Amino acid sequence: THSFTPAGVSIQRAGTVTWHNNTGLVHNVTFAPATGAPANVPDLGEGSVARSFNTVGTFNYRCTNHSGMTGHVIVR
């Protein structure tokens, strides 16, 4: 099965999370609608993309290409 590793992280406000994909499979990071959610990460087969989080809260995301591939960022 496909998964984000780790599936959840906790960061401080104004922190950054970087997603790495070296699988060759196309994944994306699509955030659930929420105030302060960063821009979605478009389909990416290889490489890394970072997003900053400036709003406190929990931001859930998923890969729309793979059912059940979900994660979250908790911003404190």
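Does F31 count as buried or exposed, and at what relative accessibility? F31 counts as buried, because its relative accessibility is 8%. Buried means under 20% relative accessible area, exposed means over 50%, and partly exposed lies in between (1.4 Å probe, protein chains only).

This is a predicted model, where local features need pLDDT of at least 70 and side-chain atom pairs count only at pLDDT 80 or more, while totals for chains, interfaces and linings use all residues. Residues are numbered from 1 along each chain as its sequence is written, and side-chain values use heavy atoms, with hydrogens and water left out.

Start with the overall plan. The protein has zero helices and seven strands. From the N terminus on, the elements run β-β-β-β-β-β-β. Helices (H or I, at least four residues) and strands (E, at least two) are DSSP runs, numbered from the N terminus. The C-alpha atoms fill a box of roughly 30 × 20 × 20 Å along the principal axes. The radius of gyration is 12 Å, which agrees with the value near 11 Å for a compact globule of 76 residues. That radius is taken over C-alpha atoms, and the globule rule is 2.2 Å times the number of residues to the power 0.38. Buried residues make up 30% of the 76 residues. The accessible surface comes to about 4,500 Å², and 51% of it belongs to carbon and sulfur atoms. Such areas come from the Shrake-Rupley method with a 1.4 Å probe; for residues, only the protein chains shown count as cover.

Contacts reach across the sequence. Among contacts between residues at least 6 apart in sequence, 55% join residues at least 24 apart. Contact here means heavy atoms within 4.5 Å.

Now return to F31 and its aromatic partners. A search of the whole structure finds six aromatic pairs. Rings of Phe, Tyr and Trp (its six-membered ring) pair if their centres lie within 6.5 Å; planes under 30 degrees apart count as stacked, over 60 as edge-to-face and the rest as tilted. The rings of W19 and F31 have centres 6.0 Å apart and planes at 80°, so this pair is edge-to-face. The pair links distant parts of the chain. W19 sits in strand 2 (residues 15-21) and F31 in strand 3 (residues 27-31), 12 residues apart. W19 counts as buried because its relative accessibility is 11%.

W19 also forms an edge-to-face pair with Y61, at 5.4 Å centre to centre and 90° between the planes. This pair too links distant parts of the chain: Y61 lies in strand 6 (residues 57-62), 42 residues from W19 in strand 2. Both W19 and Y61 are buried. Ring pairs link F4, W19, F31, F53, F59 and Y61 into a cluster.

Follow strand 2 itself. In a regular strand the side chains alternate between the two faces of the sheet. Along strand 2, G15, V17, W19 and N21 point to one face and are buried. T16, T18 and H20 point to the other face and are not buried. Strand 2 pairs with strand 5 (residues 47-53) in the antiparallel sense, over seven bridges. Two strands pair if DSSP finds at least two bridges between them. V17 stands opposite R51 in strand 5. G47 also lies in strand 5. Leaving aside neighbours within four places in sequence, G47 is in contact with W19, H20 and N21. G47 counts as partly exposed, at 29% relative accessibility.

Next comes a polar site in strand 3, at N28. N28 is buried, with a relative accessible area of 4%. Its side chain makes polar contacts of 2.8 Å with the side chain of D43 and of 2.8 Å with the side chain of T64. A polar contact is a pair of N or O atoms within 3.5 Å; within protein, one must be able to donate a hydrogen and the other to accept it, and residues adjacent in sequence count only if both atoms are side-chain atoms. Beyond four places in sequence, the residues that N28 touches include F4, V41 and R62.

H66 lies in the loop between strand 6 and strand 7 (70-75). H66 is buried, at 16% relative accessible area. Its side chain makes a polar contact of 3.1 Å with the side chain of H27.

Two backbone details remain. A cis peptide bond joins T5 and P6, with omega about 0°. P6 is in the segment before strand 1 (8-11). A14 has a positive phi of about 75° although it is not a glycine. A14 is found in the loop between strand 1 and strand 2.
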